[in-house]
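This report describes the fold, the sheet and the charged side-chain pairs of one protein model. The sequence and the coordinates are shown first, and the description follows.

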Amino acid sequence: MVDWIWVTPLLGEANGGDGAAQPGPGGGFGALLFPMVAIAVLWYFLLLRPQKRDKSKRDQLLKELKKNDRVVTIGGIIGTVANLSPDGKEVTVKVDDNARLRMLRSSIQTVLKDEGEAEAAKT
């Protein structure tokens, strides 16, 4: 095993003999500033901006939710909106003839479109 007490002065001599590390050419904080800014810009355009856009689309979808819309919940349950609470936080989803589920409005994942609406939207 190497005894580091004896090796440390030898490493200092390899840098110029005085034991102090010499700064490299063009080093310092200025050399790191451009890569840090580039990473921050990439982070914004690749991660934050798409998340913000998706969140605004989802908020708009939940805001426009109305009775008789066919929806898919986060859990994968497909049903029809039977009732919206007065405060707008709860939704009652009709799954079968007699099965109704009360859930939060935020648990709605997507609103399904009928074939007639989808064809009208395409033209």
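## Salt bridges, sheet and fold

Asp 69 and Lys 66 form a salt bridge in which the closest N and O atoms are 3.5 Å apart. Asp 69 is buried, its relative accessible area being 11%. The model is a predicted one, and the values below are to be read accordingly.

### Charged pairs

Side chains of opposite charge can pair when their charged atoms come close. Over the whole structure, a search finds three salt bridges. They are set out in the table.

| Salt bridge | Closest N to O distance |
|---|---|
| Lys 55 with Asp 59 | 3.2 Å |
| Lys 66 with Asp 69 | 3.5 Å |
| Arg 102 with Glu 90 | 3.1 Å |

The pair Lys 55 and Asp 59 belongs to helix H2 (residues 29–63). Because the two residues are four positions apart in this helix, about one helical turn separates Lys 55 from Asp 59. Asp 59 has a relative accessibility of 38% and counts as partly exposed.

The side chains of Arg 102 and Glu 90 meet at 3.1 Å, N to O. This pair links distant parts of the chain, twelve residues apart: Arg 102 lies in strand S4 (residues 100–104) and Glu 90 in strand S3 (residues 90–94). Arg 102 is exposed, with a relative accessible area of 64%, whereas Glu 90 is partly exposed at 31% relative accessibility.

What are the burial classes of the acidic partners in the three pairs? Asp 69 is buried at 11%, Asp 59 is partly exposed at 38%, and Glu 90 is partly exposed at 31%.

### The sheet

Strands of a sheet pair through backbone hydrogen bonds, either parallel or antiparallel. In this protein, five strands make up an open sheet in the order S4-S3-S2-S1-S5, and the pairing is antiparallel. S4 and strand S5 (108–112) are the edge strands; each has a single partner strand, so one side of each is left without a neighbour in the sheet. From one strand to the next, the twist averages 45°.

S3 and S4 are paired in the antiparallel sense over five bridges. These two strands form a hairpin, with five residues between them. Within the pairing, Glu 90 stands opposite Leu 104 in S4. Glu 90 is also the salt-bridge partner of Arg 102.

Strand S1 (residues 70–73) pairs with S5, again in the antiparallel sense, over four bridges. Arg 70 faces Leu 112 in S5, the two standing opposite each other.

### Thr 73 and Ile 74

Thr 73 lies in strand S1. Is Thr 73 buried or exposed? Its relative accessible area of 4% is under the 20% limit, so Thr 73 counts as buried. Neighbours within four places in sequence being left aside, Thr 73 is in contact with Met 103, Ser 107, Ile 108 and Gln 109.

Ile 74 lies in the loop between S1 and strand S2 (78–84). With a relative accessibility of 57%, Ile 74 counts as exposed. Where sequence neighbours within four places are set aside, the contacts of Ile 74 are with Arg 58, Ser 106, Ser 107 and Gln 109. Ile 74 and Ile 108 are 34 residues apart in sequence, and their C-alpha atoms are 6.0 Å apart in space.

### The protein as a whole

The protein contains three helices and five strands. Along the sequence, these elements follow the pattern α-α-β-β-β-β-β-α. Of the 123 residues in the protein, 15% are buried. Among contacts with a separation of 6 or more, 35% join residues that are 24 or more positions apart. The accessible surface comes to about 10200 Å², and carbon and sulfur atoms account for 61% of that area.

The confidence of the prediction differs between elements. The mean pLDDT of the protein is 81, and 71% of the residues score at least 70. Among the elements, S1 has the highest mean pLDDT, 95, and helix H3 (residues 115–122) has the lowest, 52.

Note on methods: Residues numbered from 1 in each chain as written. Predicted model: local features only at pLDDT ≥ 70, side-chain atom pairs only at ≥ 80, totals over all residues. Heavy atoms only, no water. Salt bridge = Lys/Arg side-chain N within 4 Å of Asp/Glu carboxyl O. Buried < 20%, exposed > 50% of the residue type's maximum accessible area, 1.4 Å probe, protein only. Pairing = 2+ DSSP bridges. Axes fitted to C-alpha atoms, helices over the stretch in contact; angles between N-to-C directions. Contact = heavy atoms within 4.5 Å. Areas by Shrake-Rupley, 256 points an atom, 1.4 Å probe, with all protein chains shown as cover. pLDDT = per-residue confidence, 0-100.
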